[in-house]
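I opened my notebook to get to know a new structure, one entry at a time. Come along as I look things up.

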Amino acid sequence: MIKKLATVFSLLAVSCSQNLYADVSVGAGYQYGGALGVKYSQVHDKHIVYASAGLIGAALGYQYVISSDRRHTVGFAVGGEVLTSEKGFLALTYNYFSENVDQSGWTFGGSIGLRRTDVRVYDKTKLDIFGTEEVESKGLVGIHLGYRF
C-alpha cells in the first residue's frame, strides 16, 4: 500500500508544476474518507488526483476521464476509515459529473474493491469474554455523492 500512496503523491507533485484546475468538494462515501468529508482535487487534461479527509477516515485517489463530454471517470481510491476498514481499503471507482470535471456541480458514483478490517474472534471451547483480534479481508461495495465548488 505504501507504493500506491507514493505513486499518488508523485502524481500530485508532478501535476502541481503544470497548468491545472483545482477544486474542493464535500460529500459522503469512501472517496470522501467515509461518512462525510472534504476532497481536494487537481485536474490536468484527463487526469484527476485527489486527497480527502472525513469524519471517520481519509483517502487518496486517481481518476481518468473516459468520455468526450468529460462527465465520466474511472480510477482507484486507497485509504482507511474506522468503521469498516481500519486496516485500509483499495477500490476501483466510477464517477459521473453533472456538469463536467472542470465545473462546479454534483458528482456521484460507485466503488468496488477490498477492505481490511479488525474482527474479534472468541474461543467457544472455554469462557472467552475478551476474544482475540484478527484482521480479515472483505469485499467493498459503496456509493458516493458529493458537490464540487
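Is Ser98 buried, partly exposed or exposed, and what is its relative accessible area? I looked this up first, keeping in mind that I am reading a predicted model. Ser98 has a relative accessible area of 22%. Buried would need under 20%, so Ser98 counts as partly exposed.

**Entry: around Ser98**

I found Ser98 in the loop that lies between strand 6 and strand 7. Leaving aside residues up to four places away in sequence, I listed Arg71, Gly105 and Trp106 as what Ser98 touches. I also looked up a partner far along the chain: Arg148 is 50 residues from Ser98, and their C-alpha atoms are separated by 10.0 Å.

**Entry: the overall fold**

Next I stepped back to see how the strands are arranged. I found a closed barrel of eight strands in the order 1-2-3-4-5-6-7-8, paired antiparallel. From one strand to the next, the twist averages 25 degrees. As a reminder to myself, strands of a sheet pair through backbone hydrogen bonds, and the pairing can be parallel or antiparallel.

**Entry: strands 5, 6 and 7**

I then followed one stretch of the barrel. Strand 5 covers residues 72-81, and nine bridges join it to strand 6 in an antiparallel run. Strand 5 and strand 6 form a hairpin, with three residues between them. Checking one bridge here, I saw that Ala77 has Ala91 in strand 6 as its partner.

On to the next pair of strands. How many bridges join strand 6 to strand 7? I noted nine, and these two strands also run antiparallel. Among the facing residues, Tyr94 has Gly110 of strand 7 as its bridge partner, and Thr93 stands opposite Ser111 in strand 7.

**Entry: nonpolar cores**

Which residues make up the largest nonpolar core? I wrote down seven: Tyr30, Tyr50, Ala59, Ala77, Phe89, Ala91 and Leu140. Ala77 and Ala91, the bridge partners I noted above, are both members of this core. I looked more closely at Ala91, which touches Gly75, Phe76, Ala77, Ser111, Ile112, Gly113 and Leu140, when residues up to four places away in sequence are not counted. There is also a second, separate core of five residues, including Val43, Ile48, Phe97 and Val101.

**Entry: Arg115**

Is Arg115 buried or exposed? Its relative accessibility is 17%, and the limit for buried is under 20%, so I put Arg115 down as buried. Arg115 sits in strand 7, which spans residues 105-121. I traced the side chain of Arg115 to the backbone oxygen of Gly139, at 3.2 Å. Gly139 is also one of the residues that Arg115 touches. Beyond four places away in sequence, the others on that list are Tyr30, Thr84, Ser85, Gly88, Phe89, Glu136, Ser137, Lys138 and Leu140. Tyr30, Phe89 and Leu140 I recognised from the largest nonpolar core.

**Entry: Lys87**

I looked up Lys87 next and found it in strand 6, which spans residues 85-97. Lys87 counts as partly exposed, at 45% relative accessibility. Glu136, already met as a contact of Arg115, is 49 residues from Lys87 in sequence, and the two are 9.1 Å apart in space, C-alpha to C-alpha.

**Entry: aromatic pairs**

How many aromatic pairs does a search of the whole structure find? It finds five. I took Tyr96 and Phe108 as my example: their ring centres are 5.4 Å apart and their planes are at 55 degrees, so I logged the pair as tilted. Tyr96 belongs to strand 6 and Phe108 to strand 7, so this pair ties together parts that are 12 residues apart in sequence. Tyr96 is partly exposed, with a relative accessible area of 22%. Phe108 is also partly exposed, at 42% relative accessibility.

Another pair I noted is Tyr147 with Phe149, which is edge-to-face. Their rings are 5.2 Å apart centre to centre, with 70 degrees between the planes. Tyr147 is partly exposed at 29% relative accessibility, whereas Phe149 is exposed, with a relative accessible area of 53%. Tyr147 and Phe149 join Trp106 in one aromatic cluster. That brought me back to where I started, since Trp106 is also one of the residues that Ser98 touches.

Conventions:
Residues are numbered from 1 along each chain as its sequence is written. This is a predicted model: local features need pLDDT of at least 70, side-chain atom pairs count only at pLDDT 80 or more; totals for chains, interfaces and linings use all residues. Side-chain values use heavy atoms; hydrogens and water are left out. Helices (H or I, at least four residues) and strands (E, at least two) are DSSP runs, numbered from the N terminus. Buried means under 20% relative accessible area, exposed over 50%, partly exposed in between (1.4 Å probe, protein chains only). A polar contact is a pair of N or O atoms within 3.5 Å; within protein, one must be able to donate a hydrogen and the other to accept it, and residues adjacent in sequence count only if both atoms are side-chain atoms. Contact means heavy atoms within 4.5 Å. A nonpolar core is a set of buried Ala, Val, Leu, Ile, Met, Phe, Trp, Tyr and Cys residues joined through side-chain atoms within 4.5 Å. Two strands pair if DSSP finds at least two bridges between them. Axes are lines fitted to C-alpha atoms, for helices over the stretch in contact, and angles run from 0 to 180 degrees between N-to-C directions. Rings of Phe, Tyr and Trp (its six-membered ring) pair if their centres lie within 6.5 Å; planes under 30 degrees apart count as stacked, over 60 as edge-to-face and the rest as tilted.
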